[in-house]
Amino acid sequence: MNIEKKRNIFLNKSDISFLKNHYLFLDNDFLSMLFYKNDFLKDFISIFNNSEISLLIDPFVEFEFLREVFLPKQQKLKENFLSEDFFTSVENHQEVFLKLQENAILLSRIYAHQNNNNKKTGSSFVDLFLAARSMLLKNSCIITGNKKDFPLFVFDTLAVLNLEEDEGSLKSFCVLKFNEKKFSSCLLKYNKLHS
Amino acid sequence: MKSLPKNPKPHIGEDTLPVGLFKIDKNAVERAVKLIKENKHLIDEYRKKEKYIFE
């Protein structure tokens, strides 16, 4: 007898109404999971849809998702997936980029200062710009499997989503929100270095 | 050429998006799920090459 393997998703909150009318930026690892795992997308939407969230794709995340795809069929498949209506792209023009650049450089300095310049704990270019984008856009959050790239001294963890894989292991994704108070406090400490 | 500003200022909550983006089209989700299922062989093949993402 065949037993159908069912994927399970567990959320650590029974009520996620606090996410209502929020913009949710997808990090590349989460976006890839939606793409690779059968039915995960459907299950995820069924959990979060009542909260009326908007799924946003940052241009750098899109770049990361599409890069190094050399087979035309696979490239087309990924592009078709991204072009579906439930994903929203965000602005990518010069004026916004300059603001993102300023946010990103400030975040990188704060991360370096708070981590005592430990290079191993540094975030990637794409993660810095994703964090910078979330700073810039009101009512936005980030969902990622790499929580350490969006450190606790600047971000709050709002929810944790666990995905049970076929072999029984769990993969966790966190919904994170930029905290202006934490950021300002870190920036103040950083600026004291120069005074 | 404009280089990085000497004294960068934070830009917090300055950007907004148009309202009306918060309804997820269930038909689009069904379409995407179908797309994934129909092309599972391609996706699995590609995933082997992209394994680093999940490590």
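This report walks through a predicted model of two chains, A and B, from the sheet of chain A to the contacts between the chains.

## The sheet of chain A

Let's start with the strands. Chain A holds an open sheet of seven strands, in the order S1-S6-S7-S5-S2-S3-S4, and the pairing in this sheet is mixed. Its edges are strand S1 (8-11) and strand S4 (87-89) of chain A, each of which pairs on one side only. On average, and ignoring direction, neighbouring strands of the sheet are turned by 30 degrees against each other. As general background, strands of a sheet pair through backbone hydrogen bonds, and they do so either parallel or antiparallel.

Helix H1 of chain A packs on this sheet, where H1(A) touches S2, S5 and strand S7 (170-178) of chain A. The direction of H1(A) makes about 65 degrees with that of S5(A).

## Following the pairings

It is handy to trace the strands from S5(A) towards the edge at S4(A). Strand S5 (residues 140-144) of chain A runs parallel to S2(A), and four bridges join the two. If you would like a residue to click on, A:Tyr23 has A:Ser140 in S5(A) as its bridge partner.

Strand S2 (residues 23-26) of chain A also pairs in the parallel sense with strand S3 (residues 54-57) of chain A, this time over three bridges. Here A:Leu24 has A:Leu55 in S3(A) as its bridge partner. S3(A) in turn pairs with S4(A), again in the parallel sense and over three bridges. A:Leu55 stands opposite A:Phe87 in S4(A), so these residues make a convenient path to follow on screen: A:Leu24 is partnered with A:Leu55, and A:Leu55 faces A:Phe87.

## Helix H6 of chain A

How does the length of H6(A) fit its residue count? At 1.5 Å a residue, its 12 residues should span 16 Å, and the end C-alpha atoms lie 17 Å apart, which agrees.

H6(A) is mostly covered, with 10 of its 12 residues buried. Among them are A:Leu128, A:Phe129, A:Leu130, A:Met135 and A:Leu136, and also A:Asp127 and A:Arg133. The elements that cover the buried residues of H6(A) include S2, helix H3 (59-66), H5, S5 and S7 of chain A.

## Where the chains meet

Between the two chains, 35 residues of chain A are in contact with 32 residues of chain B. Five helices of chain A each supply at least two residues of the side that touches chain B: H1 (28-36), H2 (40-48), H4 (72-82), H5 (94-114) and H6 (125-136). Of these, H5(A) gives the most, with six residues. Sorted by class, this side of chain A has 14 nonpolar, 10 polar and 11 charged residues.

## Chain B and B:Leu4

Chain B has two helices and zero strands, and of its 55 residues 5% count as buried.

B:Leu4 is a good residue to look at here; it lies in the segment before helix H1 (26-38) of chain B. Is B:Leu4 buried or exposed? B:Leu4 counts as exposed because its C-beta atom has 10 others within 10 Å, and the exposed class takes 12 or fewer. Leaving aside neighbours within four places in sequence, B:Leu4 is in contact with A:Gln101 and A:Ile105. Within its own chain, B:Leu4 and B:Tyr46 are 42 residues apart in sequence, and their C-alpha atoms are separated by 38 Å.

Methods
Residues numbered from 1 in each chain as written. Chains lettered and ligands numbered in written order. Predicted model: local features only at pLDDT ≥ 70, side-chain atom pairs only at ≥ 80, totals over all residues. Contact = placed C-beta atoms within 7 Å. Nonpolar A, V, L, I, M, F, W, Y, C, P; charged D, E, K, R; others polar. Buried ≥ 20, exposed ≤ 12 C-beta atoms within 10 Å, placed from the backbone. Pairing = 2+ DSSP bridges. Axes fitted to C-alpha atoms, helices over the stretch in contact; angles between N-to-C directions. Expected span 1.5 Å × (residues − 1).
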